[in-house]
Amino acid sequence: MRIVKAAAAAATAAIAVGTAGVAVGRYASNAALKAPPGRPLPTEPRLTVHSLAAGQITLTRDLATLRPGIHGLAGDGSHAVVGPVLDTAPHSADAVVRRLERVTHGTLEPGDKVWLTPNLHVGDPGGALGFHYRDLEVPGELGPLPAWLVPGARDTWVITVHGLGTTRELSMNLMEFLQRYRFPHLALAYRGDLGAPRSPDRLNHLGETEWHDVAAAVRHAVHHGAERVVLHGWSTGATMALRAATHSALRERICGLVLDSPVLDAEATLRALASARHVPGPLLPLAVRSAQGRTGLLAYQDRTALDPDRLQVPALIFHSPDDAVASWDLSRDLARRRPDLVTLNTVPNAPHGALWNADPEAYEESLRRFLTPLM
C-alpha cells in the first residue's frame with residue numbers, strides 16, 4: 001500500500017510540474033505569438049517621465065534613454081518625439097534629459113509611464129506628413145489587407161513591411177526619403193494588424209505564414225504597373241521579405257531586399273523574448289517548444305530564413321550587435337557567405353528595429369546607394 005501511495009504521489013507531482021511547465025511555456029511564448037502591434041516588446045523597458053520643460057523631457061536613466069538619435073516616445077494615450085540626450089542640462093543621477101521635439105498625440109505629465117518606439121509618426125501619411133496617398137485593400141489569402149499607396153513616378157515600387165511591436169506607421173519614417181527619389185511606396189498591414197484578417201489560430205507565426213501577405217502585395221504592385229519591386233522589412237517583416245523573395249510566384253519581379261534587424265532564426269528569437277519576460281533558463285526550452293507546438297512551426301522544413309543558397313537578389317542588411325531580439329551574428333554570417341549579394345551595415349548602440357532612428361542621415365545614404373542601381 002505504501003508503494004502504491006508513493007507512486008501516486010510521484011505521479012501527481014509529475015503532473016503538477018508538467019502542467020506548470022505548460023502554463024509557463026504558454027505565458028512566455030505569448031511574448032512573440034501574441035505581441036500586439038504598437039505595444040512594446042518585453043525587451044523594451046518602461047520609463048517614467050520625471051519632468052518637462054520647454055523643449056526638454058527628463059526620463060528614467062536607463063541604457064534605453066541614452067540611445068543616440070531620434071525616437072518616438074509612447075504611452076497609454078500619448079505619443080511624442082524625442083531627440084538627442086542633452087548632457088549639459090541639469091539632472092539627477094537617476095535621470096536623463098533629452099530634447100523634446102514635439103508631442104504628436106495626447107499629453108505628457110510627470111509620473112507617466114512611457115517607452116521608446118521607432119515610430120516617429122502616428123495616424124496616416126496625409127495627416128502626419130501632408131502627403132497625397134490612397135487607402136486601398138490588397139487581396140490576400142485570408143481576406144483584404146489594408147495598405148497605403150503613396151504614388152511616385154518610377155516603375156520600381158518599394159513595399160514596406162513592419163515587424164514585431166510596431167505597425168505600418170513605422171513606414172512613415174521613410175516616406176520623405178522615398179518621395180524625394182520618386183518611388184511609389186506601398187505600406188502594408190498584414191494578418192493580425194488592425195483592420196486586417198486574423199490568422200486562424202490568432203497567433204503570430206514570425207513570418208512563416210505571414211509572407212503570403214507580402215506575396216499578395218507584390219502581386220498587387222505588379223498588376224498596377226510595377227516592373228520591379230524592392231521589399232523593405234523590419235524584424236519579422238524582414239523574414240517575410242526573404243520568404244517572398246524565395247517562394248513567391250512573382251519572385252522574378254523582386255529586384256532587391258532591405259532587411260532591418262532581420263529575424264533569421266525563429267527559435268532564437270522565441271528564446272530571447274521568453275528570457276526578456278524573466279523566464280528562468282531551465283524553462284526556456286518549454287517556452288520555445290510551446291510556441292512551436294502552438295503555431296506548427298516545427299512542421300516547416302526550413303525553420304530558419306537563413307539559407308544563403310536561395311538568395312538570388314541584392315540585399316542590404318541593417319543590424320545592431322546590441323539587438324536583444326534577433327541575432328546580429330546570423331546577419332554577419334549571411335553577409336560573409338554571400339558577399340556577392342549581401343551588404344551588411346552594422347549600427348552600434350541601437351535596439352531591435354530602430355536602426356534608422358540611431359542615425360537617419362547615414363541610414364538613408366546607405367539606402368540611396370543601394371537603391372540607385374535598382375531604379
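Which residues of β13 are buried on one side, and which on the other? I started my notes with this strand. The model I am reading is a predicted one.

**Entry 1: strand β13**

I looked up the two faces of β13 and found both covered. Ala 315, Ile 317 and His 319 are buried on one side, and Leu 316 and Phe 318 are buried on the other. The count agrees, with 5 of the 5 residues of β13 buried. I noted the general rule beside this: in a regular strand the side chains alternate between the two faces of the sheet.

Next I looked up the neighbours of β13. Strand β12, residues 254-260, is joined to β13 by 4 bridges, and the two run parallel. Two of the bridge partners I wrote down are Leu 257 with Ala 315 and Val 258 with Leu 316. Strand β14, residues 342-346, is joined to β13 by 5 bridges, and this pair also runs parallel. Here Ile 317 stands opposite Leu 344 of β14.

**Entry 2: the open sheet**

I then asked which sheet holds β13, and in what order its strands come. It is an open sheet of 8 strands, ordered β7-β8-β10-β9-β11-β12-β13-β14, with mixed pairing. β7 (134-140) and β14 stand at the edges. Each of these two has a single partner strand, so one side of each has no neighbour in the sheet. From one strand to the next, the twist of this sheet averages 20°.

**Entry 3: the barrel**

I looked up the other set of strands, β1 to β6. The 6 strands form a closed barrel in the order β1-β2-β5-β4-β3-β6, and the pairing is antiparallel. The twist in the barrel averages 45° from one strand to the next. I checked one pair in detail. Strand β2 (residues 56-60) and strand β5 (residues 95-105) run antiparallel and are joined by 5 bridges. In this pair Thr 60 stands opposite Ala 95 of β5.

**Entry 4: aromatic rings**

How many aromatic pairs does a search of the whole structure find? The search gives 2. In one of them, the ring centres of Phe 177 and Tyr 181 are 5.1 Å apart and the planes stand at 55°, so I entered the pair as tilted. Phe 177 has 1% relative accessibility and therefore counts as buried. Tyr 181 has 22%, so this residue counts as partly exposed; the cut-off for buried is under 20%.

The other pair took me back to β13. The rings of Phe 318 and Tyr 363 have centres 3.8 Å apart and planes at 10°, so this pair is stacked. Phe 318 lies in β13 (residues 315-319) and Tyr 363 in helix α10 (residues 360-371), so the pair ties together parts 45 residues apart in sequence. Both of these residues are buried.

I also looked for charges over rings. Arg 168 lies over the face of Trp 148, at 4.2 Å from the ring centre. Arg 154 lies over the face of Phe 183, at 5.8 Å from the ring centre.

**Entry 5: Thr 209 and helix α4**

Is Thr 209 buried or exposed? At 13% relative accessibility, Thr 209 counts as buried, because the cut-off is under 20%. Thr 209 is in the loop between β10 (185-188) and α4 (211-223). Its side chain makes a polar contact of 3.1 Å with the side chain of His 205.

I moved on to α4 itself. The helix has 13 residues and reaches 18 Å from its first C-alpha to its last, close to the 18 Å expected at 1.5 Å a residue. α4 is mostly covered, with 10 of its 13 residues buried. Among the buried ones are Trp 211, Asp 213, His 220 and Val 222. Gly 225 follows α4 and has a positive phi, near 110°.

**Entry 6: helix α6**

My last entry is on α6, residues 266-276. Its buried residues are Ala 266, Thr 269, Leu 270, Ala 272, Leu 273 and Ala 274. At the start of α6, a side-chain oxygen of Asp 265 comes to within 3.0 Å of the backbone nitrogen of Glu 267. His 278 follows α6, and the phi of His 278 is positive, near 65°.

How values were computed
Residues numbered from 1 in each chain as written. Predicted model: local features only at pLDDT ≥ 70, side-chain atom pairs only at ≥ 80, totals over all residues. Heavy atoms only, no water. Pairing = 2+ DSSP bridges. Axes fitted to C-alpha atoms, helices over the stretch in contact; angles between N-to-C directions. Phe/Tyr/Trp six-rings, centres within 6.5 Å; stacked < 30°, edge-to-face > 60°. Buried < 20%, exposed > 50% of the residue type's maximum accessible area, 1.4 Å probe, protein only. Lys NZ or Arg CZ within 6 Å of the ring centre and 35° of its normal. Polar contact = N/O pair within 3.5 Å; in protein donor to acceptor, adjacent residues only side chain to side chain. Expected span 1.5 Å × (residues − 1).
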